[in-house]
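Visitor: I've got a model open and a few things I'd like to ask about it. Could you walk me through the packing, the sheet and the odd peptide bonds?

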Amino acid sequence: MYDYDLLVVGSANADLVIDVERRPAAGETVLGGDLAVHPGGKGANQAVAAARLGAGTVLLARVGDDGHGRLLLDSLRAAGVDTVGVLVGGAPTGVALITVDPEGDNSIVVSPGANARLTPADVRTAGSLFHASRVVSTQLEIPLETVVEVVRNLSPDSRFVLNPSPPRPLPSEVLAACDPLIVNEHEARVVLGDACVSEEPEDWAKLLLAKGPRSVVVTLGAEGALVCDGSGVTRVASVKVDAVDTTGAGDAFTAALGWKLGSGAGLAEAAGYAARVGAAAVTGRGAQESYPTAQEVDSL
């Protein structure tokens with residue numbers, strides 16, 4: 001019997017967001033709108049997105065003992081996330097500097113702060129959370145050695161979901177545990193490296209699967225997603241919406257996918273649901289504030 005549908009191990013940031021008419025080129029200064037501060041970070045985003053959908057969710061992360069850390073804890077608890085695994089102190093809370101253009105596309109620079117202090121020892125100390133969770137999801141805004149330790153502490157019956165963002169080459173030990181590995185176009189190219197010999201997303205999915213994951217999902221924005229496992233590649237359609245802000249949409253997709261897989265859905269079915277969740281998320285400002293409830297997803 002599991003206490004949690006989803007354990008998220010990852011980052012928690014304060015998102016500092018400015019709207020701009022266009023993103024600046026190198027050496028250029030542009031004027032933007034008023035600064036808005038939102039709770040964010042890929043780990044906290046995934047946890048909030050899953051909890052909003054109704055998943056029993058717990059987060060293992062680290063924040064600073066500061067105003068940004070309190071903002072994050074308040075947002076997590078308001079969404080229904082269990083914060084028993086959120087460690088406080090050691091460094092300032094991580095910060096993401098985000099510019100958003102009129103089409104809703106964003107550029108992000110992250111200062112990891114306390115996220116960089118989430119250690120393998122923290123993972124080992126939280127071993128009871130791993131045994132209590134049906135699905136474990138993580139990203140790469142925390143140290144890679146911590147992600148490796150997550151893999152080593154998985155319960156034999158749990159499922160591991162990884163979004164390698166920001167992307168970097170991954171150890172075979174981590175790749176072999178992924179079910180699925182979730183990447184967008186940029187992440188796919190980085191993880192594949194020299195093996196990226198095609199411009200076709202279907203080929204990326206097959207090449208990534210050959211690297212060792214049990215399954216692969218390639219997200220394609222407004223074009224939906226591709227899912228790939230031993231049975232082949234399947235395209236999953238998206239829902240057409242008017243995008244306002246894409247910040248955190250990929251995190252909402254990953255959270256929804258992990259939750260649905262844990263509840264017994266097949267990969268294509270789970271990705272289809274996740275695509276609807278991601279579409280709903282881009283219709284609102286910010287990351288966590290834009291995440292839909294299950295009822296809002298069903299209305300799309």
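Visitor: Which residues in helix 8 do Glu185, Ala188, Arg189, Val191 and Leu192 in helix 7 meet?

Guide: This is a predicted model, where local features need pLDDT of at least 70, side-chain atom pairs count only at pLDDT 80 or more, and totals for chains, interfaces and linings use all residues. Residues are numbered from 1 along each chain as its sequence is written, and side-chain values use heavy atoms, with hydrogens and water left out. Helices (H or I, at least four residues) and strands (E, at least two) are DSSP runs, numbered from the N terminus, and contact means heavy atoms within 4.5 Å. On the helix 8 side, the partners are Trp204, Leu207 and Leu208.

Visitor: And how do the residues of that contact divide into nonpolar, polar and charged?

Guide: Ala, Val, Leu, Ile, Met, Phe, Trp, Tyr, Cys and Pro count as nonpolar, Asp, Glu, Lys and Arg as charged, and the others, Gly among them, as polar. For the contact of helix 7 with helix 8 that gives six nonpolar, no polar and two charged.

Visitor: At what angle do helix 7 and helix 8 pack?

Guide: Axes are lines fitted to C-alpha atoms, for helices over the stretch in contact, and angles run from 0 to 180 degrees between N-to-C directions. Helix 7 covers residues 185-192 and helix 8 residues 201-210, with their axes 10 Å apart. The angle between them is about 40°.

Visitor: What is the order of the strands in the open sheet?

Guide: Strands pair if DSSP finds at least two bridges between them. This sheet has nine strands with mixed pairing, in the order 5-4-1-8-9-10-11-12-13.

Visitor: Which are the edge strands?

Guide: Look for strands that pair on one side only. Those are strand 5 (82-88) and strand 13 (232-236).

Visitor: Which strands does helix 2 touch where it packs on the sheet?

Guide: Helix 2 is residues 67-79, and its direction makes about 170° with that of strand 5. The strands it touches are strand 4 and strand 5.

Visitor: Why is strand 1 largely enclosed by the rest of the structure?

Guide: Buried means under 20% relative accessible area, exposed over 50%, partly exposed in between (1.4 Å probe, protein chains only). Strand 1 (residues 4-9) runs parallel to strand 8 (residues 133-138), with five bridges, and parallel to strand 4 (residues 57-63), with four. It's largely enclosed because, of its six residues, the number buried is five.

Visitor: Which residue in strand 8 is the bridge partner of Val8?

Guide: On the strand 4 side, Leu6 has Thr57 as its bridge partner. For Val8 in strand 8, it's Ser137.

Visitor: Is Thr83 buried or exposed?

Guide: Thr83 sits in strand 5. Leaving aside neighbours within four places in sequence, Thr83 is in contact with Leu73, Leu76 and Arg77. Its relative accessibility is 13%, so Thr83 counts as buried.

Visitor: Which residue does a cis peptide bond join to Asp179?

Guide: Most peptide bonds are trans. There's a cis one from Ser165 to Pro166, with omega near 0°, and Pro166 is in the loop between strand 9 (159-162) and helix 6 (172-177). The bond at Asp179 has omega of about 15°, and the residue joined is Pro180.
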